[in-house]
Amino acid sequence: MLVTGGSSGIGQAIAIKMAEYGADVAINFRSNRAEAEATEQSIAWCRNQVQQHGGQDLLIQADVSKKEDVERMFEEVIAAWGTVDFLINNAGIQIAADSHMLDVEKFIQVININTVGAFRCAQRAIQHWLAQEKPGVIINVSSVHQIIPKPRFVGYSVSKGGMQNLTRTLALEYAGHNIRVNGIGPGATITPINRAWVDDPEKRAQVESHIPMRRAGEAEEMAEAAAFLCSDLAAYITGQTLFIDGGLTLYADFETAWSSE
Ligand code: NAD
């Protein structure tokens, strides 16, 4: 299996969980000079965990928003293993700014990584499965913001909204080839993308007060859901997004009636 953005957070947890369930794991990472050291450490840790569970690992540097990188990444995985059974489209970024002030290039950058990058990888995986006449599974790591608007993060909201129809359209188009495409929709999860609040007790309490279950999610909880959707237990499930969010998509403001009494 191949997981994009697998060197941290939810991607790393999925890599380790899938190894626990017996998969060999290709861990994609994008590393620039500034990120390199931290990435190296987290990859070493992730690799070690994968190997402890008996899985083989491959480490592949690639920027999913770049066509030639995605091509090379798939060539490397297929050259090593002859196939790739599962693709986890996990790589993602978010950029905050008032929408009326947002540099449109930044908007495009988010869409290019979160949505176009996921499509590039999905397309390459599907080409491979069709050529081999093999089944395959894609999991798109989306977000509660697939359906909940996120002011000041318009690129992110649009990218994840797009992911819903990426999941549904590919699922319908390739269901007859036994290629399943599903999404997971994490709520607020303890990972580096949320460094703005996870290590600040006051900010974290503020975030968690909005969640019906009153706590943020763990990356491992997202990984377990992704592993389920990859497994044969989910053999008849396609085109769905499973939200793992402690109730965040349940219109938390309606927890107590305020409009009818
Ligand atoms: P994270 O920042 O730890 O992980 C994102 C990963 O994507 C990083 O490893 C990063 O290096 C990688 N990445 C970014 N751009 C890339 C590119 N161009 N090519 C390859 N890799 C790239 O944060 P995370 O929370 O683990 O995020 C993983 C996914 O989960 C993202 O798609 C994110 O939108 C989604 N998500 C996270 C949360 C949350 O609360 N943490 C909630 C909903 C959805």
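Which residue of strand 6 does Ile 138 stand opposite? In this predicted model, Ile 138 stands opposite Val 181. The pair belongs to a wider arrangement in which strand 5, covering residues 136-141, runs parallel to strand 6 and is joined to it by six bridges.

Strand 6 spans residues 179-186, and eight of its eight residues are buried, so the strand is largely enclosed by the rest of the structure. Buried here means that under 20% of the relative accessible area remains. The burial extends to both faces of strand 6. One side carries Ile 179, Val 181, Gly 183 and Gly 185, while Arg 180, Asn 182, Ile 184 and Pro 186 lie on the other, and all of these residues are buried. Val 181 is thus both a buried residue of strand 6 and the one that Ile 138 faces.

The protein chain as a whole contains eight helices and seven strands. Its radius of gyration is 18 Å, close to the 18 Å given by the globule rule for 261 residues, so the chain is as compact as a globular protein of that length. Along the principal axes, the C-alpha atoms fill a box of roughly 60 × 45 × 40 Å. Of the 261 residues, 47% count as buried. Contacts between residues at least 6 apart in sequence were also examined, and 72% of them join residues at least 24 apart.

The surface exposed by the protein chain amounts to about 13400 Å², of which carbon and sulfur atoms supply 52%. The chain holds 21 positive and 31 negative charges, and the mean positions of these two groups are 4 Å apart.

Key. Residues are numbered from 1 along each chain as its sequence is written. This is a predicted model: local features need pLDDT of at least 70, side-chain atom pairs count only at pLDDT 80 or more; totals for chains, interfaces and linings use all residues. Side-chain values use heavy atoms; hydrogens and water are left out. Helices (H or I, at least four residues) and strands (E, at least two) are DSSP runs, numbered from the N terminus. The radius of gyration is taken over C-alpha atoms; the globule rule is 2.2 Å times the number of residues to the power 0.38. Buried means under 20% relative accessible area, exposed over 50%, partly exposed in between (1.4 Å probe, protein chains only). Contact means heavy atoms within 4.5 Å. Accessible areas come from the Shrake-Rupley method with a 1.4 Å probe; for residues, only the protein chains shown count as cover. Lys and Arg count as positive and Asp and Glu as negative; His and the chain ends are not counted. The place of a charge is taken as NZ of Lys, CZ of Arg, CG of Asp or CD of Glu. Two strands pair if DSSP finds at least two bridges between them.
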